[in-house]
Amino acid sequence: MIPNLPDYARLIKDRVGLHFDNAMEALLESALSRRMAEQEISNYYEYYERLRISQDEFDSFVTLITINETYFFRESDTLDLICDKWVPRLLQQRSGPVRILSAGCSSGEEAYSLAIKLHEKYQNGMAQQVEIYGCDIDPVILAKARNACYSSYSFRGVEPLIQQRYFTRTGNLFRLHDEIREKVSFHRTNIIKEQLLPEVDIILLRNVSIYFDTPTRRELHGNLLKMLQPQGALFFGNAETLANNFDILKLEQEEGIFYFCHHREAPKVAPVPRVAVRVPLPRAPVVCEPPAPTVLQCDDWLKKARACLDEKCFSEAEACIACVLRNDPRNQEALLIQGVIALEQREFSQTAGNAQKILAQDEWSAEAKMLLGLAMMWQHQTQQAIAWFKQVVYQEPGYWPAHYYLAEMYRQSELRQPAQRTYRVVMQLLNDEMNNPATVCRLRLPMVFPGNTFRFLCEHQLAQFAHQNG
Ligand SMILES: C[S@@+](CC[C@H](N)C(=O)[O-])C[C@H]1O[C@@H](n2cnc3c(N)ncnc32)[C@H](O)[C@@H]1O
């Protein structure tokens with residue numbers, strides 16, 4: 001038990017953006033016990049002061065709390081799009097080198113995967129016109145990236161031929177050939193606060209923002225925007241993109257892959273899927289300041305909460321929900337809306353807690369099960385997510401968003417046949433819905449899933465499968 005846990009959480013968030021929820025607490029505890037033992041400090045308050053004052057100590061500590069999970073050719077279709085479309089297009093537009101940044105690069109697999117792909121495609125010609133950079137907050141992992149020596153764990157899903165062509169085996173490790181290693185340079189950068197270099201054409205920020213809360217992700221967008229060339233693109237991991245859609249940058253997609261770029265005209269309301277209130281409410285009455293805590297009846301508070309949620313005014317939505325729950329702590333709709341707000345803010349334990357409270361009252365609440373599935377999915381607890389989404393589709397076989405996320409989870413678990421089958425079910429349900437809108441199956445979940453975009457994603461995934469099946 002860390003008595004001054006909030007102090008540590010605040011310090012870490014302020015310095016590097018990492019947000020501590022319940023799941024991360026164990027990581028923090030183990031990091032603290034290790035560093036405190038090494039420093040021969042037994043008092044949490046004393047160690048906190050050391051951490052606050054000493055940058056060296058903070059550097060040694062940060063390496064213990066970062067999650068560096070990565071591997072070669074992760075979500076490879078994004079890398080293909082960059083190599084096959086973006087790089088040649090940018091080089092057609094101008095002569096200078098194309099700059100690509102792998103932000104939160106961990107041990108370098110992402111940046112090197114790009115270098116390998118570019119080399120495969122263009123050999124030394126075009127590849128020489130591309131500069132690849134990697135940056136990370138963790139100095140230890142950066143040393144590993146520069147060393148470019150990997151265990152077989154980093155090669156999940158890598159074609160043996162590529163591994164043989166670009167790596168030399170030494171014992172249990174595989175060393176990347178210098179020819180590729182030298183194409184990437186690695187730097188220590190805090191991506192929340194610092195800009196590594198100007199005029200970057202492509203920024204990959206994949207599987208990093210999941211550790212930040214919403215305000216930090218917004219701040220991060222603002223910071224990355226300053227680095228991004230006017231024609232450039234910012235790519236998140238597939239599952240992260242929607243949670244990063246703040247309309248600071250414009251969301252675009254190409255070949256089913258989403259990315260952000262500069263607004264070319266005045267920003268408008270985001271045209272793509274994002275969590276939003278389903279019930280359309282007039283915009284004018286949306287109050288983005290804490291409401292006075294009386295008078296309005298629960299229904300009005302709930303309406304207001306939904307409207308605030310739609311406007312992404314989370315703390316205001318929370319305040320409205322608090323008014324309802326003060327009167328009626330078991331109000332299922334309030335618990336549901338609060339669960340969605342928590343999901344948006346990546347506070348998954350709160351989402352799960354709310355969903356469980358609803359299930360305690362109504363074991364057939366498909367909404368609560370859907371929330372649990374989404375919360376598990378976002379935490380990469382794929383098997384649990386599958387279990388929840390399956391329950392939703394058994395109960396509500398016409399609810400295509402549950403089928404869609406189930407398909408996604410199958411795909412991520414390499415369950416190719418079930419994934420393809422389930423994507424087809426989604427397409428079928430979307431077609432039925434288009435032909436006969438009266439048959440649409442909805443849940444009372446205050447989230448919107450735009451059918452067109454999801455249809456596109458299904459088509460894309462099915463095409464990928466078809467391509468892989470030859
Ligand atoms: C899970 S890894 C992602 C690696 C790679 N991008 C991928 O998708 O496979 C997340 C990395 O983000 C880094 N990171 C976390 N906060 C950061 C910050 N504020 N600035 C730079 N890097 C950060 C961590 O050190 C970690 O190596």
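This is a guided tour of one predicted model, moving from the whole chain to the ligand and then to the cavities.

Before selecting anything, note that residues are numbered from 1 along each chain as its sequence is written. Because the model is predicted, local features need pLDDT of at least 70 and side-chain atom pairs count only at pLDDT 80 or more, while totals for chains, interfaces and linings use all residues, and side-chain values use heavy atoms, with hydrogens and water left out.

Start with the whole chain in cartoon view, where there are 19 helices and ten strands (DSSP runs numbered from the N terminus, helices being H or I of at least four residues and strands E of at least two). The radius of gyration is 23 Å, close to the 23 Å that the globule rule gives for 470 residues, so the chain is as compact as a globular protein of that length (the radius is taken over C-alpha atoms, and the rule is 2.2 Å times the number of residues to the power 0.38).

Next, select the ligand and the 22 residues that surround it, of which Val16, Thr70, Arg74, Asp136 and Asn207 are the closest (a residue counts if one of its heavy atoms lies within 4 Å). Show the polar contacts, which are pairs of N or O atoms within 3.5 Å: a side-chain N or O atom of Arg74 is 2.7 Å from an oxygen atom of the ligand, and a polar side-chain atom of Asn68 lies 2.9 Å from a ligand oxygen. A polar backbone atom of Gly104 is 2.9 Å from a ligand nitrogen. Taken alone the ligand exposes 600 Å², and the protein buries 99% of that (Shrake-Rupley areas with a 1.4 Å probe).

Finally, turn to the three cavities of 30 Å³ or more, a cavity being a set of points on a 1 Å grid, over the protein atoms alone, where a 1.4 Å probe fits but cannot get out. The largest holds about 560 Å³, a volume being the space filled by probe spheres set on the points, joined across faces, edges and corners. Select Asn238, Ala239, Leu242, Trp378 and Tyr405, the closest to its centre among 33 lining residues (those with an atom within 4 Å of a point). Then colour helix H17 (400–412), which gives the most to this lining, with six residues.

Notes. On a 1 Å grid over the protein atoms alone, a cavity is a set of points where a 1.4 Å probe fits but cannot get out, and a pocket is an open set with protein on both sides within 12 Å along at least five of seven lines; lining residues have an atom within 4 Å of a point. A polar contact is a pair of N or O atoms within 3.5 Å; within protein, one must be able to donate a hydrogen and the other to accept it, and residues adjacent in sequence count only if both atoms are side-chain atoms.
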